[in-house]
Amino acid sequence: MNWKLNTSLTFYGGVDEIGGNKILLQDRGTKIFLDFGMSFALKKQYYSLPFLSPRSEKSLQELGILPKLEGFYRFDDRTAGVDAVFLSHAHIDHSAYISFINREIPVYCGETTKTILQVLGEMCATALEFDVEDVLFRSFRTGDSITVDGLEIEPVHVDHSVPGAYGFIIHTSNDAVVYTGDFRAHGTKPEMTSDFVGKAKEADPVAVVTEATNMTGASISSEAEVRNKLNVIVGQTSGLVLADFAYADIDRLNSFYRTAKKNGRCLAISLRQAYMLKALRKDKHLKVPSMGDESILIFRKSKKRYRKWEKQMIEEYSDKIVDVFEVSKRQREIVLAMSFYDLEELMKINPKAGSCYILSASEPFNEEMEIDFERLVNWLRHYGLPQYYAHVSGHIMPLQLKNILGEINGRKVFPVHRSMRICLLSLWET
Ligand SMILES: [Zn+2]
Ligand SMILES: [Zn+2]
């Protein structure tokens, strides 16, 4: 989209798909990317993990999964042709492909986003798509104003299903452009989203690029409601409680932690979750349970070899580590965080009658979250585990979005994250 010829927006991803946001904003000679995420939909057209996975950035470019851009990537010798990248949050469909960018290009993001991406990079040390080594991170907080050439960018916090999410107000040589990133008004911190909406309105923007994930299906719920549901489920379970939730969703982790505690149980988190928690705990702005809390245990999966960071965690928290045998013995005392890829552990745990499984995720934080329902159900059926669903979306609901867009009153609206034409027409006509 071009207006007054000075300012333009180019969408390299995020249109007609959920995630993969890569939005280039050009203003006179200045170029910035708003998010640079991995597109699950595009990648799935060609790859099937783990056996058919991309080997190099060249394959990703050849297949159009990584856009062909000059002077932007680390494998391109030319000088940087893009001035900066701004990441709205750490979900990999918004951030992961900074893995490939020229290390001279600064990447601006919230402190929490930087922490999560660095932890993710450490955990997936050999992965092509999660390499953030030497990335030139520049972190910001709400209230900061960043100048890139003549562009002034204001990050303002929003509430989302991962901590450290921001929207941006970009003051271009014409007028302001607003990018919401992913956000919601029904989470645990709606006031952060209101702050953003207020600032966006004040800027009287010429364009609003908004997320619009939940347009075709929506349900009204809240984290408090999720917590109530969890409390009922855990309270009625006499055996082991198994739970699958995104490991960087701190709100959800807190909900499970509090529910476990209230019901006299411990929450056994994975080594990955524990490692993430340890890193995020350093951020005083986040309410993250302490690893020293006696209600937190760490579940060690059975495997032959552990990575370096896993070994360190096992050593450092030896008194907190539980394995399949201990979980098996202490079933009624534990809520065990378990992803789809851990289901093999059930053989040795052997859940007793009266155990259950709670699915509490649907956001694409990583590929592991793309749950294969058919196989999951087969496993649960095999062990006679009833399945519960307790989740609230990380994304704004349709009518709330309509009100917010009305309030911001941008002259143009660009919905990303979904094929939106029909839905938006119906929204505007009412
Ligand atoms: Zn997203
Ligand atoms: Zn997100």
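A hairpin links strand β10 to strand β11, using four residues to do so. The model is predicted. β10 covers residues 166–171, and β11 covers residues 176–179. The two strands pair in the antiparallel sense, over four bridges. Within this pairing, Phe 168 stands opposite Tyr 179 of β11.

β10 has another partner. Strand β9, residues 151–157, pairs with β10 over six bridges, also in the antiparallel sense. Here Val 156 has Gly 167 of β10 as its bridge partner.

How many of the six residues of β10 are buried? Five are, so the strand is largely enclosed by the rest of the structure.

Tyr 179 leads on to Asp 35, since the two side chains make a polar contact. Asp 35 lies in strand β4, which spans residues 30–36. The side chain of Asp 35 also makes a polar contact with that of His 94.

| Polar contact of side chains | Distance |
|---|---|
| Asp 35 with His 94 | 2.7 Å |
| Asp 35 with Tyr 179 | 2.5 Å |

Is Asp 35 buried or exposed? Asp 35 is buried, yet has no salt bridge. The nearest side chain of opposite charge belongs to Lys 22, 10 Å away. A salt bridge requires the charged atoms to lie within 4 Å.

Asp 35 does touch Lys 22. Leaving aside residues up to four places away in sequence, the residues in contact with Asp 35 also include Asn 21, Ile 23, Phe 86, Leu 87, Ser 88 and His 89. His 94 and Tyr 179 belong to this set too.

Technical notes. Residues numbered from 1 in each chain as written. Chains lettered and ligands numbered in written order. Predicted model: local features only at pLDDT ≥ 70, side-chain atom pairs only at ≥ 80, totals over all residues. Heavy atoms only, no water. Buried < 20%, exposed > 50% of the residue type's maximum accessible area, 1.4 Å probe, protein only. Pairing = 2+ DSSP bridges. Lys, Arg positive; Asp, Glu negative; His and termini not counted. Polar contact = N/O pair within 3.5 Å; in protein donor to acceptor, adjacent residues only side chain to side chain. Contact = heavy atoms within 4.5 Å.
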